[in-house]
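Visitor: I am new to this structure and would like a close look at a single part of it. Could you take me slowly through the largest pocket and the strands beside it?

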Amino acid sequence: MNKRSTWALPYFIFLLLFVVLPLIMVVVYAFQDNSGHFTLSNIAKFFSDGDSLGTFALSIEVAVENTLLCILLGYPAAYILADKNLNRSAVTVVLFILPMWINALMRTLATAELFNMAGIQLGKGTLLFGMCYDFLPFMIYPIYNQLNKMDKSYAEAAQDLGATPAEVFRKVTLPLSMPGVWSGVMMVFMPTVSTFAISEFLTNNKIKLFGTIIQENINNSMWNYGAALSLIMLIIIAITTVLQGGGNTEDAAGGAI
Amino acid sequence: MASEERIIDIGHLCKSFGEKKVLDDINLYVRKGEFLTLLGPSGCGKTTLLRMIAGFMRPDSGSILLEGKDILDTPPHLRPLNTVFQRYALFPHLDVYDNIAFGLKLKKVPEEEIDKRVRKVLKLVAMSDYEDRDVETLSGGQQQRIAIARAIVNRPKVLLLDEPLAALDLKMRKDMQIELKEMHQKLGITFIYVTHDQEEALTLSDTIVVMNEGKIQQIGTPTDIYNEPVNSFVADFIGESNILNGTMIEDKRVSFIGHDFDCVDKGFGENVPVDVVIRPEDIYIKKNTEGEQFTGTVRSCTFKGVHYEMFVDTDSGNELMIQDYNAFEPGTTVGMHIRPGDIQVMKKERTQNSYRASVVADGRVSFLGAEWECSTDGFSAGDEVIARIAFGKVDLLDHEDEAVTTGNVDFILYKGNHYHLTIKTESGEKIWVDTNDVWDKNDFVGIRIAPKDIQIVKADDGNE
């Protein structure tokens, strides 16, 4: 080991203790029964339980809807923020990112109270609203970043070659900003699948998401089933990540289309 | 080659960014089919001018006519011009073929014709077989060719090139220069080329427009610009030159470096201070001192490939740069002469610093955004006056402790036995200084002037 790599040792230990070890424990617990014997029954239970599968499907559905909603709202916002003619100040950017500084639980609780005050029935609508409110900055920021660092001369070159402003957007700006959109999707879709607090507060537990049933199992000391569900979710997330081509945040110019 | 027909006509174009005038009353026309180069140091406004022609920027005032029609209100995508961008701006999400076909597809040109034209233009830039390549896998020179191909495939009326070779290494740049010139001849398209490289401009252009600080300094053919620079900026910027202070004694007779010379210039008047430009290859140097116009001692001699470059201290204490095919050892006493036709005499833009000033109190005047001590005899507080300071009477300090105001060195001209500096002061104005001290461009300087060296005259006696 050379001198430089010894500097990495503290981080290595940290990763080992707080990432690798828990991950191994999740895997081990998922394949054990109450008495610690190897079993596949936890996994089998999930695939045979209609309720769990239904919740899982609903979680994916809500996550997809929330992600689309975030793109729909976040892209135009990011575009406006990155446009020097429309927005000259960095303060506006900070204002958009500001909610991220406040604890998500507090924001969610406050949102629920607002709905109660306004007399709005809690349900899927309020759930989506809350999720979108929570996760929007995570969509705006990567897209904003991507648009902001994009060389202005690409758009100018397209214009120079005869593209109308709409064509410039469709043929150049949008495709070149896709890496930002993908990392936004990564940062919104994954956490939405596993969220439980938002659904608990904003639907009064009427709608249960995948994260909710993991939490319930673990709260009720059903560690093994909880671990199996977590493992399944991890695998789903890994698959989506691979499908998205690694969710490249740094590859600005990459063909992530 | 270039015809007399004008394709672009630019009139009284002005643009300011805040206080700074980037373009100051630009008047220029471009003839159909010519290779015109906008040449100047960075920040001279050449790129701004090009971007205005392309349509990416609007002037504050003035007009740009394309074939007689004003195009200021035409958005860039409707202008029949194409640009080769400085860093190419090839679309990274498209391959070579789709990059080149981009403009044609937008114009809904039929597929077969697009195919034919893309292949033809790829052949022209010697990049056939590259159509499926990812643009990011190409070298700088190859990307450059694709950028040119992408522009000319649209058959623009004028091709705008923004320092297209700046990012290439020297060898590649030389090769591309030749290719560009050939391409220009083959295509018959008007080229407007922006560069800060004077050698590139001399090699490529039919017409060179030398710009500095938002103003056109000189327009002419490469030979005109090189042989007859109109002012010391152009002389210094284009090629190597000896720029010296001189006095026009009478028509066809000029005095500099302590000797009188015959020249071909006239009409300056008698005993008028002038700038004299001598190209280093125009000074004839001999071992034999007899019968020569002046003598000197060789200080240094460097081999430059084709010729030797020598610095010679003349008998009058000036330093001259001389290029010759023969080497003369340092320390050798040599004789030199200059032919009348090789002496380029230029009117001095100014002979002293002169500012509008106002008397603040007895013994104090204000100009250059500061207050100065000087004699104000005959004037009273509130009077508007002109303050004059000789170039050699301005003290430059390397600190601001005892300075009245400060500035930065903006331009340095070596005049054979002293430096003539242009200092941009804190107030954004300029002061010109003759000094023997060596300063670098952008150096921070403190400015001080002795009270006796500030001469105050009535405001209507002189002009700025």
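Guide: Two strands are said to pair if DSSP finds at least two bridges between them. With that in mind, and remembering that this is a predicted model, we can begin with strand 26 of chain B and strand 29 (residues 444–449) of chain B, which pair in the antiparallel sense over four bridges. Within strand 29 of chain B, Gly446(B) is the bridge partner of Thr406(B). Both strands belong to an open sheet of five strands in chain B, whose order is 25-29-26-27-28 and whose pairing is antiparallel. Strand 25 (394–397) and strand 28 of chain B are the edge strands of this sheet, each pairing on one side only, and neighbouring strands are turned by 45° against each other on average, direction ignored.

From the sheet we can turn to the largest pocket, which holds about 1100 Å³ of space. It is lined by 30 residues, and the closest to its centre are Asn212(B), Glu213(B), Asp410(B), Thr422(B) and Lys430(B). Among the elements of chain B that give two or more residues to this lining are strand 26 (405–414), strand 27 (419–425) and strand 28 (430–435), and they are joined by others, including strand 2 (20–31) and helix 8 (232–237). Sorted by class, the lining of the largest pocket comprises 15 charged, eight polar and seven nonpolar residues. The largest pocket lies between domain 1 (6–232) and domain 3 (353–461) of chain B, because both domains give residues to its lining.

Terms used
Residues are numbered from 1 along each chain as its sequence is written. Chains are lettered from A and ligands numbered from 1 in the order in which they are written. This is a predicted model: local features need pLDDT of at least 70, side-chain atom pairs count only at pLDDT 80 or more; totals for chains, interfaces and linings use all residues. Side-chain values use heavy atoms; hydrogens and water are left out. On a 1 Å grid over the protein atoms alone, a cavity is a set of points where a 1.4 Å probe fits but cannot get out, and a pocket is an open set with protein on both sides within 12 Å along at least five of seven lines; lining residues have an atom within 4 Å of a point. Grid points are joined across faces, edges and corners, and a volume is the space filled by probe spheres set on the points. Ala, Val, Leu, Ile, Met, Phe, Trp, Tyr, Cys and Pro count as nonpolar, Asp, Glu, Lys and Arg as charged, and the others, Gly among them, as polar. Domain bounds come from an automatic or database domain assignment. Axes are lines fitted to C-alpha atoms, for helices over the stretch in contact, and angles run from 0 to 180 degrees between N-to-C directions.
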